[in-house]
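Got the viewer open? Let's walk through this one stop by stop, selecting as we go.

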Amino acid sequence: NPWRVSVVIGSLRRESMSRRIADALVPLAPPAMALQELAIGDLPLYNGDLEPELPAPWRRLRDAVRASDALIFVCPEYNRSIPGAVKNAVDVASKPTGQNCWAGKPALVITQSTGPLGGLAGSYATKQVLAAVNVATLPLPEVYLSRIATLFDGEGRLLPDTQEHLRDVLASFETWCARFIAR
Ligand code: FNR
């Protein structure tokens, strides 16, 4: 069976570039990986008072994270850091205490930006948060997609060079995952 790889899209807007990249990853992934989105847009903000009633979106997220073999985060950076919706999702599935759903999973972090830096600071912030919940992020290659609007053609397809880049990244990620996932 292929690994279940859950993809967190770090932007909630419909026309998100992060979403377009995440969609483009599906046919580039090696056969060992089955990618599916891990939706984070409907989660109430983390609040320990809600634990007894367990909001349905929290339960859905926690179950989906637990069932994941590996994780991919495709995110913008917001004000040089992790987008709030992503941080909230990490918080929600890290609780209640002693039931951190993320623990021990391998992850790939891809950031993108319209500007020249490709979300580098946001990537580091995201990796820092993931380290706190015992997620093992792929150290190399780092993936910062800068000037993101220039990486798509007129039909909204990723340019061939970028597709090849991401295919190589996913192959490296497969090798990384094999160190963490029992076959
Ligand atoms: C941004 N953007 C941005 N870009 C950047 O390079 N550094 C930054 O710190 C920020 N900060 C920031 C904050 C907020 C609140 C927004 C909405 C945007 C721009 C961002 O990189 C660009 O719009 C992304 O391409 C948005 O990703 P999606 O929504 O297309 O996936």
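## First stop: around the ligand

Select the ligand and its surroundings: 17 residues lie around it, and Ser-11, Met-17, Ser-18, Pro-76 and Ser-113 come nearest (a residue is near a molecule if its C-beta atom, placed from the backbone, lies within 6 Å of it). Color that shell by type and you get 5 nonpolar, 9 polar and 3 charged residues (Ala, Val, Leu, Ile, Met, Phe, Trp, Tyr, Cys and Pro count as nonpolar, Asp, Glu, Lys and Arg as charged, and the others, Gly among them, as polar).

Before moving on, keep in mind that this is a predicted model, where local features need pLDDT of at least 70, side-chain atom pairs count only at pLDDT 80 or more, and totals for chains, interfaces and linings use all residues. Residues are numbered from 1 along each chain as its sequence is written.

## Next: the core

Now pick Ile-72, Phe-73, Val-74, Ala-107 and Ile-110, which have the most contacts inside the largest nonpolar core, a set of 47 residues. Strand E3 gives the largest share of this core, 6 residues. Such a core is made of buried Ala, Val, Leu, Ile, Met, Phe, Trp, Tyr and Cys residues joined through C-beta atoms within 7 Å. Buried means that 20 or more other C-beta atoms lie within 10 Å of a residue's own; 12 or fewer makes it exposed, and in between is partly exposed, with C-beta atoms placed from the backbone.

Zoom in on Ile-110. Which residues does it touch, leaving out those up to four places away in sequence? They are Ile-21, Ile-72, Phe-73, Val-74, Val-143 and Leu-145 (contact means C-beta atoms, placed from the backbone, within 7 Å).

## Then: helix H4

Select residues 120-132, helix H4. Helices (H or I, at least four residues) and strands (E, at least two) are DSSP runs, numbered from the N terminus. Within H4, Gly-122, Ser-123, Ala-125, Thr-126, Lys-127 and Leu-130 are buried. The buried residues pack against strands E3 (70-75), E4 (106-112), E5 (136-137) and E6 (143-145), plus helix H3 (84-93).

Step past the helix to Asn-134, in the loop between H4 and E5. This residue has a positive phi of about 65 degrees although it is not a glycine. Asn-134 counts as exposed because it has 12 C-beta neighbours inside 10 Å.

## Last stop: two cis prolines

Go to Pro-96, in the loop between H3 and E4. The peptide bond leading there from Lys-95 is cis, with omega near -5 degrees. Finish at Pro-141, in the loop between E5 and E6: the bond from Leu-140 is cis, with omega near 0 degrees.

Notes
The expected span of a helix is 1.5 Å times one less than its number of residues. Two residues are in contact if their C-beta atoms, placed from the backbone, lie within 7 Å.
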